Amino acid sequence: MRTPVIEREELFAKGTGESTDIVQKEMYAFTDKGGERITLRPEATPSMVRAFVEHALEQDLPCAKLYSLGPMFRYERPQKGRYRQFHQLDVEVFGIADPAVDAEVIEMACALLSALGIDAELVINSVGCEACRPRFSEALIAALGERVGELCGDCQRRATTNPLRIFDCKVPADQPIIDGLPHSEDFLCDACRDHFAGVKSHLDAYAIPYRLSHRLVRGLDYYTRTTFEMLGTGLGAQNALLGGGRYDHLVKRLGGPDRPGIGFAAGLERLVLALPEAAGEAEAADAFVVALGETAWPAARLLTRDLRRAGLATLIDYEGRSAKSQMKRANRSGVRHMLILGDDELASNQVTVKTMETGHQQSVSREALADHLRAAETD
Ligand code: HAM
């Protein structure tokens, strides 16, 4: 799904939440020519839900599994891994409450990172639902008691608007007080506790290791039950490669039917920072076509086109350089095969294939060439 970069400001006030830092401090919101309040989107989830509701997708897709890619904008202090314009890969599932889908979504996030060769730690928590959350908020306020006044200004505001947000605080002086606060897991209702136990047992079945963290409330207001993040190593303070969770009331809240949802978003710039060194090296092409003599050039260009169409990355030289200088370039390009086309090859409809590693040369018919090169690749 591709949603617009600009949305109404109220979508995020309602979706992401009035009490979040994103809405309070980080949105690029402005009044447009028609007098309407609009904003560059700070995240994808409310837009995905808006589109799902607006187009009544639940009718065609009772269980919708969607993804989106694109730029997001947050007015934050730029530093390594944190930018004002960044890109998210966003994954959302609408319509399934079963904990098996939570584990499936998390498994997919793990598979993505492992395919990229990135090591990461999975952290999970459950923040409860609309039934048990109020009890937890009350317990937080009660535990804070008089000490609210010792917290930073943001936390004092959070204590009145949304006490859960206090766990987002990074101010060092506040940490000893926050560390002593109650844990959401101890306040879950029976249904939320069963759900969380289900998520954990599905993760165990996938043999996915995780760490429980009661502080993982995540900085967005729509979450219910499962929240999770995957943390990278060596990234400094901005170590969340991806984060997500369940949001069972958001679709209804944004005017849709009562449908649960779950998803995550990965920060593409952070994934790139976390990629292993070798992943930055460009892969060499499959073959380099060398034309011997004037007359071979047109056929060499057609051969290059045909191999590219057959899915083989193929290089060729320009400006009619000498055979010697083409071969030098072929050598430097790191390709596995040099394909030589001269008068003899043209006459017999063959190509001389030189395997660079061994220096071995053989004639291969034009028709069999693409298959021959592909087979050599899997050797
Ligand atoms: P989020 O945790 O705010 O969640 O962002 C997800 C990911 O986006 C982060 O883990 C990080 O990799 C990346 N990210 C966030 N801010 C920045 C930034 N300023 N610069 C670079 N990367 C950044 C969400 O956005 C939710 N919509 C995720 C979700 C989807 N929950 C349910 N479905």
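Reader: What makes the space of about 50 Å³ in this structure a cavity?

Author: On a 1 Å grid over the protein atoms alone, a cavity is a set of points where a 1.4 Å probe fits but cannot get out. About 50 Å³ lies in the largest cavity, a volume being the space filled by probe spheres set on points joined across faces, edges and corners. A search of the whole structure finds 1 cavity of 30 Å³ or more. This is a predicted model, where local features need pLDDT of at least 70 and side-chain atom pairs pLDDT 80 or more, while totals for chains, interfaces and linings use all residues. Residues are numbered from 1 along each chain as its sequence is written, and side-chain values use heavy atoms, without hydrogens or water.

Reader: Why is Tyr 223 called a lining residue?

Author: A lining residue has an atom within 4 Å of a point, so Tyr 223 counts, as do others including Val 127, Asn 162 and Asp 221. The lining has 5 nonpolar, 1 polar and 3 charged residues. Tyr and Val count as nonpolar, Asp as charged, and Asn falls among the others, as polar.

Reader: How do you know that S8 and S9 pair?

Author: Two strands (DSSP runs of E, at least two residues, numbered from the N terminus) pair if DSSP finds at least two bridges between them. Strand S8 (residues 224-232) and strand S9 (residues 240-246) share 6, so they pair, and they run antiparallel. Glu 229, for instance, has Gly 243 in S9 as its bridge partner.

Reader: What makes S4 and S7 edge strands?

Author: The open sheet runs S4-S5-S10-S9-S8-S6-S7, with mixed pairing. S4 (64-73) and S7 (211-212) each have a single partner strand, so one side of each lacks a neighbour in the sheet.

Key:
Helix = DSSP H or I, 4+ residues; strand = E, 2+ residues; numbered from the N terminus. 1 Å grid on protein atoms, 1.4 Å probe; cavity = no way out; pocket = protein on both sides within 12 Å on 5 of 7 lines; lining within 4 Å.
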